[in-house]
Amino acid sequence: MSAKNIKLLLVQKDNELLGPLEAQLKEISGVDLCAKAFNYEELAAAYKKINPDLILLDLSFDEDNIYSFLSSLESQVASGHLALIALAGSSDMNRIRKAMKSGCADFLMLPVKTEEISNAIKSAYDKNQSILKSSTVTPLSQRVPAGKIITIFSTKGGVGKSTIAVNLAVTLAMFLKDSGRRVALLDGNFQFGDIGFMLNLKPERTIHGLVREMGEPAPLTFELLKSFITTHPSGLDVMLAPSKPQFAEEVTMLHLGYVMECLKKNYDYVVVDTIHHINDTDLTIFDWTSMLFVIATLEVTTIKNLVLTLEILKDLQIPKDKISLILNRAYQKMGVECSTVEEKLMKISCMIPSDGERVVASLNSGNPFVIDLKADIPIVKSFHELAEFVVTDEDRSYFSKMEEVVQPKGNVLDFFKNLIKK
Ligand SMILES: Nc1ncnc2c1ncn2[C@@H]1O[C@H](COP(=O)(O)OP(=O)(O)O)[C@@H](O)[C@H]1O
Ligand SMILES: [Mg+2]
């Protein structure tokens, strides 16, 4: 702890609940409650005036404005200049999830003991002090990872989510291997995850082990996260699913939120495989997602599901520009035209051809088919295009050196659209 008092700003709505807290804060040495804000305008003004070290945030506060305000403070929080602690009288999981996503270092359920709030404030402040200290010795040239979370989703099983997640992640890892970029794959199917089998990796280090090590949900260091990662020979870092279905429930969405936060901070690209229904796990993953790929095949039932999926994603207020459509097994004549899908639903961003022989052989051997760099194979080429689609403009240059070996020339999307039209 430093000699200087910690400047607090209390953002509150529920006076009855937070009244006793104010008295408790006055008892804590080394802490100054500099201001209270009861609405968004007061908050913005008080923040500017006192430049607090820490904001105590009542989660029942004006929800419409608070999260956009907190997102404007993201860099202050990330750089260690400001800490956030969330407070609530009930465990409203949706609000807690959002608060964590906004960078809250801790969450306290009211009423709280004076000692508990004192410890929470001091440890959040001390953590920030060490971030500030270390940042002064970090060379300025050290780049911040792109932190793109790419989620592969569909409300239907068996459409190829895991196949796509694995092969996209391995493609990214292979192309970016010498670039210093970091690529990770998270198996978001905590009960029956397939990623370990598909990549021939033993589930010795899993998210379940990490959660057991964490104990209570709390921000994670990269060192701790890394010790539960398994690295694939392609250079891909994999966070495997629990080794037994019964362990899945120990991975709470609060734990997962901190895992997502740590992955985003430390990796350039994180591909996330999911299951085919929307539960708390998916909602937490969606909160962190930068690009959401919805997978469909040209079957009537899948198309029906796709319509429903897009409606659900709209209800969840996931911005349209984050959502892209991948058409898998595009080589089969299924009676549904891709032009119909595009006219009625949305643009298809990528088509992955059907190649049962190659896909099944790769599944059985635990070797993703994209490791075959002779990219005159259409399904391999489609993954090169998908990977190019997801990377930043800067990283796209790493793909150009591979272009010479890639055939057929031209775009696989057009190639297959033409093929299907015939
Ligand atoms: N493009 C493809 N061509 C041929 N078979 C595929 C293709 N994509 C997926 N498959 C097969 O479809 C099945 C389901 O794939 P999977 O990735 O496990 O789907 P999901 O994760 O959506 O349940 C697997 O047997 C897989 O080999
Ligand atoms: Mg799957």
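**Entry 1: the open sheet**

I looked up the open sheet of five strands in this predicted model, and I noted its order as β2-β1-β3-β4-β5, with parallel pairing. Strands here are DSSP runs of E of at least two residues, helices are runs of H or I of at least four residues, and both are numbered from the N terminus; two strands pair if DSSP finds at least two bridges between them. The edge strands are β2 (31–37) and β5, since each pairs on one side only. I also wrote down that neighbouring strands of this sheet are turned by 25° against each other on average, direction ignored, where axes are lines fitted to C-alpha atoms (for helices over the stretch in contact) and angles run from 0 to 180 degrees between N-to-C directions.

Before going further I recorded the conventions: residues are numbered from 1 along each chain as its sequence is written, while chains are lettered from A and ligands numbered from 1 in the order in which they are written. Local features need pLDDT of at least 70 and side-chain atom pairs count only at pLDDT 80 or more, whereas totals for chains, interfaces and linings use all residues, and side-chain values use heavy atoms, with hydrogens and water left out.

**Entry 2: bridges between the strands**

I then followed the pairs one by one, and found six bridges joining β1 (residues 6–11) to β2, with Asp-32 in β2 as the bridge partner of Lys-7. Four bridges join β1 to β3, where Leu-8 has Leu-54 of β3 as its bridge partner. Five bridges join β3 to β4 (residues 83–88), and here Leu-56 is partnered by Ile-85 of β4.

How many of the residues of β3 are buried? Five of the five are, so the strand is largely enclosed by the rest of the structure; buried means under 20% relative accessible area, exposed over 50%, and partly exposed in between (1.4 Å probe, protein chains only). Leu-54, Leu-56 and Asp-58 are buried on one side of β3, and Ile-55 and Leu-57 on the other. I also saw that α2 lies across β1, β2 and β3, running at about 175° to β1.

**Entry 3: the cores**

I turned to the largest nonpolar core, which has 54 residues, and in which Leu-9, Ile-207 and Leu-225 touch the most other members. Such a core is a set of buried Ala, Val, Leu, Ile, Met, Phe, Trp, Tyr and Cys residues joined through side-chain atoms within 4.5 Å. Helix α11 (residues 253–266) gives the largest share, seven residues. Apart from this core lies another, of 41 residues, including Ile-164 and Phe-175.

For Leu-9 I listed contacts (heavy atoms within 4.5 Å), leaving out residues up to four places away in sequence, and they include Leu-43, Tyr-47, Ile-50 and Leu-56.

**Entry 4: backbone points to check**

Most residues other than glycine have a negative phi, and most peptide bonds are trans. I therefore noted the peptide bond from Leu-110 to Pro-111, which is cis, with omega near -5°; Pro-111 is in the loop between β5 (106–109) and α6 (114–137). Asn-51 has a positive phi, near 45°, and is in the loop between α2 (40–50) and β3 (54–58), where it is partly exposed, with a relative accessible area of 44%. Gln-317 also has a positive phi, near 60°, and counts as exposed at 69% relative accessibility.
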